[in-house]
Amino acid sequence: MVKPNILHNPVSPQVDQLLFEEGRFSPVSWLLANGFLEYGDYVNWRNGLIDSLDSCFIRQRDTIITQLKAAQLHAVSLGFESVVVAYTSTDQRVLLISCNPADDLIFKTDFEPAHDRMQLDLFFDSAPVCTENELIAALIAGNVQEIDIYLDKLNRYDDPKHQDFKQLIELGRRIKSGSLSIQQKVAVLEEEMMPLSLKLLRGESIRFLTPLWRTLSDSLTGYVFRPQAPNVHISYTAAKAFQWQDVVSSIEQEPKWLENPLLLFRYAEACFKLNRELTGFTAWFQLFLSDAEEAVQLIKKTTHSLLSADWRRFQDLDPELETRFFPAWLLLIKPALARHDYKLTGDSEGCQAFSLVKQLMILPSERTGNASLSLRAELKMLNPGIFDHFITAIL
C-alpha cells in the first residue's frame, strides 16, 4: 500500500532550484528553465518582435498555467511575497505574455523575500531609479558609450550601487578577455557574476548572463569531461544557457558517459526539457541500476516534477523496496514505459527485476498462461517485495 502524501507540491523541486539560484521565483525564468520556452523566442519578444509570449510556448498553455499556479503556491508557502513585473520592449512598449489579462498577470507575478521589496518615494527616487534602468538597458544592449554615461550619472545618486555596477562590468570584461583560463571563467561567471547580476539586474539578468554562458560553451568545444572539474564542460554551460540539444550532443560525444552518474543525470534532464521523455527515463533507469547511491543524491536535484513525485511515492512504499528496484517499480505504475526497448546494464538484481517486470507488463491480458506463471515465479524468487507490488498493480 502506498502512503499518501497530500501535502507535497509536485512542482516544489523546480521552485526550490530557482529560489536557490536566483533568490526569487520568476515565471519567465521558470518557463526557460523547464524547456517550455525557447531563449531565442524570449529575446525576440523582449525586442518587440512577438505580440504575446504564450504564442511561443512549447507545451500546452493550460497545462503550463496549472503547473505555474502550483509553483507559485509553493513560493507563497515558503514566505515569499508577490510583486507584479512590468516588461517593456527596447522601444519602451508594454509587452504581453498573454492576451488574456488574467493569464498575463499570472505570468508577470514574481515572488521574492519580503525584505527585498523596494519602497520608493516617487519624487525623490525617480531620478536614480530611471538612471539605474537606463544603465541596465545599456548593459543588455552592450552600448559602451551609454554604459559610461549612466554609470557616471549613477555615481551622483548611489555610490555603493555604482561600485557594484562597476564590479559587474569589470567581471564581464575579464570573462571576455584572454587573461583567464576557461576554468577560471566558468568559476568567475558562476561564483561572482551570477549573484551580483541577480542582485542588480533581477529579471534582466537572463538577457545579461545567457550570452556569456553561450560564449563559454563555444570556448569549451572539444573539451573532454573531467570529474575533477565537472562544470568545465558544455553539458553544464549549455544548460545554463538553455541550450538543451547542445547538452545532449556534448554528452553523447563522451565515450564513457553511460558510466558517469552526473552525465547521465544531465542527459536525462536535458531530454525531459526537449520533450524526449522515454530517452530521459532510459538515462535515469541506467543511473539507478548502475549507481543507486549516487542516483539517490542526484534525484533530489531533478526538475522533472513527475519523476520526483514518483520517487517520493516509492520511498513511502509498504513493503519497502531497495533503491535498485525503483526502475522496475516505475514500470508497474507507468505500464506504457514497459513497451519501450531499453538497453541497460548494471546491478544484476535490479536489472533482472526490471527485465522480468517489463516482460510481464507487456504480456497479453490472459496472464494465467505458462509464460506469465514462469516469469512471476522468477520475480517472486528474485525479490518477494517487488513481486507483491506487481500483484497489487495488476489487481
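The bend at a residue is the angle between axes fitted to the seven residues ending there and the seven starting there. In this predicted model, helix H9 bends by about 40° at methionine 193, with proline 195 following within four residues.

**Helix H9 and its surroundings**

The end C-alpha atoms of H9 are only 25 Å apart, whereas a straight helix of 20 residues would span 28 Å at 1.5 Å a residue. Many positions along H9 are buried, including Ile182, Val186, Leu189, Met193 and Leu196. Lys185 and Ser197 are also among the buried residues of H9. Cover for these buried residues comes from elements that include helix H1 (12-22), helix H6 (126-141), helix H8 (159-176), helix H10 (205-219) and helix H11 (234-240). Just past the end of H9, arginine 202 adopts a positive phi of about 50°.

**The nonpolar core**

In soluble globular proteins, nonpolar side chains tend to be buried together. Here the largest nonpolar core contains 119 residues, and Phe25 and Trp284 have the most contacts inside it. Helix H9 (residues 182-201) supplies the largest share of this core, nine residues. Apart from its neighbours within four places in sequence, phenylalanine 25 touches Val15, Leu18, Leu19, Trp30, Leu68, Ala71, Ala75 and Phe111, and also Gln72, Asp110.

**Glutamate 269**

Trp284 is also in contact with glutamate 269, a residue of helix H13 (residues 261-273). Is glutamate 269 buried or exposed? Its relative accessibility is 8%, and because buried means under 20%, glutamate 269 counts as buried. Leaving out neighbours within four places in sequence, the other contacts of glutamate 269 are Lys301, Thr302, Thr303 and His304. The C-alpha atoms of glutamate 269 and histidine 304 lie 7.3 Å apart, although the two residues are separated by 35 positions in sequence.

**Aromatic pairs**

The count of aromatic pairs is 24. Two edge-to-face pairs are set out below.

| Pair | Centre to centre | Angle between planes |
|---|---|---|
| Tryptophan 213 and tyrosine 236 | 6.0 Å | 80° |
| Phenylalanine 314 and phenylalanine 326 | 5.1 Å | 65° |

Tryptophan 213 belongs to helix H10 and tyrosine 236 to helix H11, so their pairing ties together parts 23 residues apart in sequence. Tryptophan 213 and tyrosine 236 are both buried. Phenylalanine 314 lies in helix H16 (residues 305-315) and phenylalanine 326 in helix H17 (residues 326-333), so that pair links parts 12 residues apart in sequence. Phenylalanine 314 and phenylalanine 326 are buried as well. These two residues also belong to one aromatic cluster with Phe265, Trp284, Phe288, Trp311 and Trp329. Trp284 thus appears in this cluster, among the residues with the most contacts inside the largest nonpolar core, and among the contacts of glutamate 269.

A ring also takes part in an arrangement with a charged group: the charged end of lysine 273 sits over the ring of tryptophan 244, 4.3 Å from its centre.

**The chain as a whole**

The secondary structure of the protein chain consists of 20 helices and two strands. Along the principal axes, its C-alpha atoms fill a box of roughly 85 × 50 × 35 Å. The chain has 395 residues, of which 48% count as buried. Of the contacts between residues at least 6 apart in sequence, 60% join residues at least 24 apart.

Terms used
Residues are numbered from 1 along each chain as its sequence is written. This is a predicted model: local features need pLDDT of at least 70, side-chain atom pairs count only at pLDDT 80 or more; totals for chains, interfaces and linings use all residues. Side-chain values use heavy atoms; hydrogens and water are left out. A nonpolar core is a set of buried Ala, Val, Leu, Ile, Met, Phe, Trp, Tyr and Cys residues joined through side-chain atoms within 4.5 Å. Buried means under 20% relative accessible area, exposed over 50%, partly exposed in between (1.4 Å probe, protein chains only). Contact means heavy atoms within 4.5 Å. The expected span of a helix is 1.5 Å times one less than its number of residues. Rings of Phe, Tyr and Trp (its six-membered ring) pair if their centres lie within 6.5 Å; planes under 30 degrees apart count as stacked, over 60 as edge-to-face and the rest as tilted. A charge sits over a ring if NZ of Lys or CZ of Arg is within 6 Å of the ring centre and within 35 degrees of the ring normal.
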